[in-house]
Amino acid sequence: VQLQASGGGLVQPGESLRLSCAASGTFLGVNDMGWYRQAPGKQRELVATVTRYGKTNLADSVKGRSAISRNNAKNTVDLLLNSLKPEDTAVYYCNARIIRYDSTSYDYWGQGTLVTVSS
């Protein structure tokens with residue numbers, strides 16, 4: 001199982017960015033998918049998650065200016081970040097709880113994509 005993330009980059013404050021992540025490999029299904037981030041010198045923190053039924057959970061720090069969505073048929077999850085601030089600068093990691101064919105679940109992580117917000 002692999003998670004491939006894309007969409008990071010350098011943006012100016014106030015701009016928007018869309019991060020995408022696709023899960024590939026051999027598995028039975030995918031439960032929750034989400035995005036986490038880790039800023040320099042800080043612990044990894046939750047940004048947003050979405051269940052396979054579309055229920056979302058957003059961190060207070062991005063609530064009101066971000067949205068998470070997924071495509072169950074393609075096993076993809078997108079994170080749209082609007083009104084970006086310098087404090088959003090971090091490496092963003094996608095996460096997926098994969099259901100394996102033995103019915104066990106396991107958390108997989110993408111490789112991380114760097115988002116830098118700077119003028």
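## Strand pairing

Two strands pair if DSSP finds at least two bridges between them. The model described here is predicted, and this report follows strand 9 and its partners before turning to single residues.

Strand 9 covers residues 90-99. Strand 4, which spans residues 29-38, pairs with strand 9 in the antiparallel sense, and the pairing has 8 bridges. One bridge in this pairing links Gly-29 to its partner in strand 9, Ile-99.

## Two further partners of strand 9

Strand 10, made of residues 105-109, is joined to strand 9 by 5 bridges, and the two strands run antiparallel. Here Asn-95 has Trp-109 of strand 10 as its bridge partner. Strand 9 and strand 10 form a hairpin with 5 residues between the strands.

Strand 11 (residues 113-117) also pairs with strand 9 in the antiparallel sense, over 3 bridges. In strand 11, Thr-113 stands opposite Tyr-92.

## Burial of strand 9

Of the 10 residues of strand 9, 8 are buried, so this strand is largely enclosed by the rest of the structure. Ala-96 belongs to strand 9. Its relative accessibility is 0%, and Ala-96 therefore counts as buried, the cut-off being under 20% relative accessible area.

Beyond its neighbours within four places in sequence, Ala-96 is in contact with Leu-3, Val-30, Asp-32, Met-33, Tyr-106, Asp-107 and Tyr-108. Ala-96 and Val-50 are 46 residues apart along the chain, and their C-alpha atoms are separated by 9.8 Å.

## Thr-49 in strand 5

Thr-49 lies in strand 5, which runs over residues 45-50. With a relative accessible area of 15%, Thr-49 is buried. When its neighbours within four places in sequence are left aside, the residues in contact with Thr-49 are Met-33, Gly-34, Tyr-36, Lys-55, Thr-56, Asn-57 and Ile-68. Met-33 is thus one of the residues in contact with Thr-49, and Met-33 is also among those in contact with Ala-96.

## Asp-78 in strand 8

Strand 8 consists of residues 76-81 and contains Asp-78. The side chain of Asp-78 makes a polar contact of 3.0 Å with the side chain of Ser-20.

Ser-20 also appears among the residues in contact with Asp-78 once neighbours within four places in sequence are set aside. The others in that list are Arg-18, Leu-19, Cys-21, Trp-35, Ala-67, Ile-68 and Ser-69. Ile-68 is in contact with Thr-49 as well.

## Two serines with positive phi

Ser-83 sits in the loop between strand 8 and strand 9. Its phi is positive, near 45°, and Ser-83 is a residue other than glycine. Ser-83 has a relative accessible area of 40% and is partly exposed.

Ser-103 is placed in the loop between strand 9 and strand 10, within the hairpin of those two strands. Ser-103 is not a glycine either, yet it has a positive phi of about 75°. The relative accessible area of Ser-103 is 56%, so this residue is exposed, the cut-off being over 50%.

Conventions
Residues are numbered from 1 along each chain as its sequence is written. This is a predicted model: local features need pLDDT of at least 70, side-chain atom pairs count only at pLDDT 80 or more; totals for chains, interfaces and linings use all residues. Side-chain values use heavy atoms; hydrogens and water are left out. Buried means under 20% relative accessible area, exposed over 50%, partly exposed in between (1.4 Å probe, protein chains only). Helices (H or I, at least four residues) and strands (E, at least two) are DSSP runs, numbered from the N terminus. A polar contact is a pair of N or O atoms within 3.5 Å; within protein, one must be able to donate a hydrogen and the other to accept it, and residues adjacent in sequence count only if both atoms are side-chain atoms. Contact means heavy atoms within 4.5 Å.
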